[in-house]
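Student: I have a structure open and would like to go through it with you. Can we start at the ligand and work outward?

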Amino acid sequence: MAGPALPMDDRDGVIWYNGKLLPWRDAKVHVLVHSLHYGNSVFEGERIYNGKVFELTKHSERLVKSAKMLAYDLPYTVEELDAATRLVVAENKLDGGYVRPLAWRGAEVIGVSAAGTKVHVAIAAFPWGAYYAQKAIKLCTSRWKRPSPESSPAGSKAAGLYIICTLAKDEALAAGYQDALMHDYKGRLSEATGANLFLVLNGELHTPTTETILNGITRQTVMALARTRGIKVVEREIWPDELAKASEVFLTGTAVEVQPVASIDKLQYEVGPVTQALIADYAALVRS
Ligand code: PMP
C-alpha cells in the first residue's frame with residue numbers, strides 16, 4: 001500500500017495505553033523495553049467497517065492467545081480489550097480504518113529471561129485504505145521459509161516472526177512485485193507476508209494447513225463463505241508444482257481482504273468466478 005500521509009508517531013488523536021487514553025504523540029516506550037530487544041511483543045491487525053471492528057472478539061482472543069504462546073498473560077481480559085478497542089475507535093471518530101493492538105514486556109529487567117517484566121498493552125486506530133494499489137497483484141517466491149513449528153510458535157502473531165516477512169516483502173518490492181509467497185521449511189506452500197493463500201483447483205478451494213502459518217480470521221471467514229456457496233474447501237499440504245494447475249489464486253487477510261493474485265513468478269492467473277464471488281460475499285459480510 002502507499003505509505004501513510006503522516007508519520008505514525010506524529011498525528012492527532014488518542015491511543016489507549018495501559019488503561020488510559022493518551023494524546024497520540026505521548027504513547028511512547030523506553031529504549032530498554034524487553035520486547036524491543038528480544039522480539040516477544042504480540043499484536044493484532046483489525047479493520048473497521050461502518051464504525052465497527054469486524055470480528056473484534058476473535059482478534060482480542062488471538063492477542064491473548066499469542067501472548068500465552070510466548071508464556072505471558074495480558075493484564076486485561078478479552079472483554080476489557082474489546083471495550084478498549086471500541087473506545088479508541090469512537091474517540092478517534094473512525095468510520096473506516098485499521099486497529100493495531102500491541103502487547104509487550106517492559107523495561108524492568110534486561111536479559112534473555114523475561115521473568116520480572118511487566119506486560120503492557122496499547123491500542124491505536126487510524127484511517128487506512130486498500131492494502132495494494134493493484135486490482136490483482138504480482139507475487140514472487142521468497143527465498144525465506146516459514147520455520148518448523150518446533151522452531152517457532154507459528155500460531156502466535158508474535159513480532160519476532162515478522163523479521164522473515166519484512167525481509168521477504170522488501171525483497172519482493174525491490175524486485176518489482178507487490179508481495180512475496182513463502183514456502184515452509186519442508187518446501188510446501190505456506191502464506192504471503194501478511195495474508196493466507198488459496199488456490200482454485202477444479203472448482204474447489206485449496207489452502208495450506210495451519211502448521212506453519214497464521215490461521216487467519218479472514219481465512220476462516222472465507223472458508224465458511226465458500227462452503228455456504230457449496231464450494232468444496234480442502235485444507236491440505238500443497239506443493240509448489242500445483243500452482244501450475246490452479247485456475248485462480250487469491251490471498252486473504254484483515255488488511256488485504258480477499259485479494260486476487262495476477263501472477264506468481266512466471267505463472268499467470270485470471271480473476272475468476274470463485275475469487276469474484278468471494279470478494280463480493282466478504283465485502284457484504286464485513287459491512288453487514
Ligand atoms: N498470515 C500472516 C503472516 C499475517 O500477518 C496475517 C495478517 N494478520 C494473516 C496471515 C491473515 O490473518 P487475518 O486474516 O487474521 O488478518
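Student: Which atom of the ligand lies 2.9 Å from a polar side-chain atom of Lys-157?
Tutor: This is a predicted model, so the distance is computed from predicted coordinates. A polar contact needs N or O atoms within 3.5 Å. At 2.9 Å, the partner of the polar side-chain atom of Lys-157 is a nitrogen atom of the ligand.

Student: Which atom of the ligand do Arg-62 and Thr-218 approach?
Tutor: The side chain of Arg-62 places a polar atom 2.8 Å from the ligand, and the partner there is an oxygen atom. For Thr-218, an N or O atom of the side chain is 2.6 Å from the ligand, and the partner is again an oxygen atom.

Student: How much of the ligand's accessible area does the protein cover?
Tutor: On its own, the ligand has 390 Å² of accessible area. The part of this covered by the protein is 96%.

Student: How many residues surround the ligand, and which classes do they belong to?
Tutor: The closest are Tyr-162, Glu-191, Ile-217, Thr-218 and Thr-254, and the total is 14 residues. By class, the shell has three charged, four nonpolar and seven polar residues.

Student: Is Leu-161 buried or exposed?
Tutor: Leu-161 sits in the loop between β8 (137–146) and α4 (162–174). Beyond four places in sequence, Leu-161 touches Arg-146, Ser-152, Pro-153, Ala-154 and Ser-156. The C-alpha atom of Leu-161 is also 9.8 Å from that of Val-42, 119 residues away along the chain. Because its relative accessibility is 11%, below the 20% limit, Leu-161 counts as buried.

Student: Which side chain makes a polar contact of 2.6 Å with that of Thr-275?
Tutor: Thr-275 belongs to helix α6 (residues 273–286) and is buried, with a relative accessible area of 1%. Leaving aside neighbours within four places in sequence, Thr-275 is in contact with Phe-250, Val-258, Pro-260 and Glu-248. The polar contact of 2.6 Å joins the side chain of Thr-275 to that of Glu-248.

Student: Why is the protein said to be as compact as a globular protein of its length?
Tutor: The secondary structure comes to six helices and 16 strands. For 288 residues the globule rule gives 19 Å, and the protein is as compact as a globular protein of that length because its radius of gyration is close to that value, at 19 Å.

Student: What share of the residues counts as buried?
Tutor: The protein exposes about 13400 Å², of which carbon and sulfur atoms supply 56%. Of its 288 residues, the share that counts as buried is 51%.

Terms used:
Residues numbered from 1 in each chain as written. Predicted model: local features only at pLDDT ≥ 70, side-chain atom pairs only at ≥ 80, totals over all residues. Heavy atoms only, no water. Helix = DSSP H or I, 4+ residues; strand = E, 2+ residues; numbered from the N terminus. Buried < 20%, exposed > 50% of the residue type's maximum accessible area, 1.4 Å probe, protein only. Polar contact = N/O pair within 3.5 Å; in protein donor to acceptor, adjacent residues only side chain to side chain. Contact = heavy atoms within 4.5 Å. Near = heavy atom within 4 Å. Areas by Shrake-Rupley, 256 points an atom, 1.4 Å probe, with all protein chains shown as cover. Nonpolar A, V, L, I, M, F, W, Y, C, P; charged D, E, K, R; others polar. Rg over C-alpha atoms; globule rule 2.2 N^0.38 Å.
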